[in-house]
Amino acid sequence: MNFVQISLIFLGGYLIFVLFSFVIAILASFVTYYDFRIYKNKTDLEINYGLFVKNKNTFKLSKIKAIRINQGLIKRIFGFVSINIDVIGYGEMQNNSYQNRSLNNVLIPLCKASEVEELLLRILDKYTPLEKQEKTKSMIPFFSWKVIGLSIFFGLAIIFSLIWGISFKGYLVMGIVIGAFVCLYLIILTFILINAKLAYSYDGIAFDENKLTIFHGGFYRSKI
């Protein structure tokens, strides 16, 4: 088999793996969040879900300190988000002192991005996110150190490949390995730069007297 055939086989296998993983993730989400229900009264919020393992979580509304609106690349393509809540008040003993800690719990496993504000107004009205007021001034911090580290790693890998190829006269193998390193470097570099551009466009902050909203992320976004 030549290089093109090997590449096509590898690409086909990768696509099959991605499709299989996607199907498994959907089935796992269905089983995990089967019969998802939310109940609310004046002081408490109760969240129930699960097919084989039944989950019943009850939180004091006064202990909910933040919401997290998360959106990965696939969810963004289809216009969906997931919403979690941070709950303060669970404690544990550390060094003979009682420490409060925050737990991250699911509030809505999946909903349309366009329905977030309406749902939050119905469930947790005072936690609806603000509109972005300030954004990041420079794109450089999003990629500078990552690009430097990536360049050093692949630069050393190429140098060692050159030394090995010249020492053992394996010029063909050396050329293939160096070509593979360069291609991989360019693919990862492209991913980093696109993610940095998306993060630069999205990152920001909004605040008023009682509330703070943080916008963060590139391919994977979160609003807290």
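**Salt bridges and a run of strands**

Hi everyone, let me start with one pair of side chains: Arg37 and Asp35 form a salt bridge, with 3.0 Å from N to O. Please keep in mind throughout that this is a predicted model. Arg37 is partly exposed, at a relative accessible area of 42%, and Asp35 is partly exposed with a value of 42%.

How many salt bridges are there by this rule? The count is 3. As general background, side chains of opposite charge can pair when their charged atoms come close.

On to another of these pairs. Lys60 and Asp44 join through their side chains in a salt bridge, at 3.3 Å from N to O. Here distant parts of the chain are linked: Lys60 belongs to strand β3, residues 55-60, while Asp44 belongs to strand β2, residues 44-49, and the two are 16 residues apart. Lys60 counts as partly exposed, with 44% relative accessibility.

Then there is Asp86 with Arg68, whose side chains meet in a salt bridge at 2.9 Å, again N to O. This pair, too, links distant parts of the chain, with Asp86 in strand β5, residues 80-94, and Arg68 in strand β4, residues 64-71, which puts them 18 residues apart. Buried or partly exposed: which is Asp86, and which is Arg68? Asp86 is buried, because its relative accessible area is 8% and the cut-off for buried is under 20%. Arg68, on the other hand, is partly exposed at 28%.

While we are in β4, have a look at Asn70, which lies in that strand. Asn70 is buried, with a relative accessible area of 10%. What does Asn70 touch, if we leave out residues up to four places away in sequence? The list is Lys75, Val81, Ser82, Asn84, Tyr220, Arg221 and Ser222.

Now let's go back to β2 and see what surrounds this strand. Of the 6 residues of β2, 5 are buried, so the strand is largely enclosed by the rest of the structure. Strand β1, residues 37-40, runs antiparallel to β2, and 4 bridges join the two. Within that pairing, Tyr39 has Glu46 in β2 as its bridge partner. The connection from β1 to β2 is a hairpin through 3 residues.

β2 also pairs with β3, in the antiparallel sense, over 6 bridges. The hairpin of β2 and β3 has 5 residues between the strands, and in it Gly50 takes a positive phi near 125°. That one is worth finding on the screen.

Let me finish with a residue that brings much of this together, Asn48. Asn48 is found in strand β2, and at 16% relative accessibility it counts as buried. Which residue in β3 is the bridge partner of Asn48? That partner is Lys56. The side chain of Asn48 also makes a polar contact, at 2.8 Å, with the side chain of Glu46, and Glu46 is the residue we just met as the bridge partner of Tyr39.

If you set aside residues up to four places away in sequence, Asn48 touches Asp35, Phe36, Arg37, Tyr39, Asn55, Lys56 and Asn57. Among them are Asp35 and Arg37, and those two make the salt bridge I opened with. Thanks for listening, and I'm happy to go back to any of these residues.

Definitions and conventions
Residues are numbered from 1 along each chain as its sequence is written. This is a predicted model: local features need pLDDT of at least 70, side-chain atom pairs count only at pLDDT 80 or more; totals for chains, interfaces and linings use all residues. Side-chain values use heavy atoms; hydrogens and water are left out. A salt bridge is a side-chain nitrogen of Lys or Arg within 4 Å of a carboxyl oxygen of Asp or Glu. Buried means under 20% relative accessible area, exposed over 50%, partly exposed in between (1.4 Å probe, protein chains only). Contact means heavy atoms within 4.5 Å. A polar contact is a pair of N or O atoms within 3.5 Å; within protein, one must be able to donate a hydrogen and the other to accept it, and residues adjacent in sequence count only if both atoms are side-chain atoms. Two strands pair if DSSP finds at least two bridges between them.
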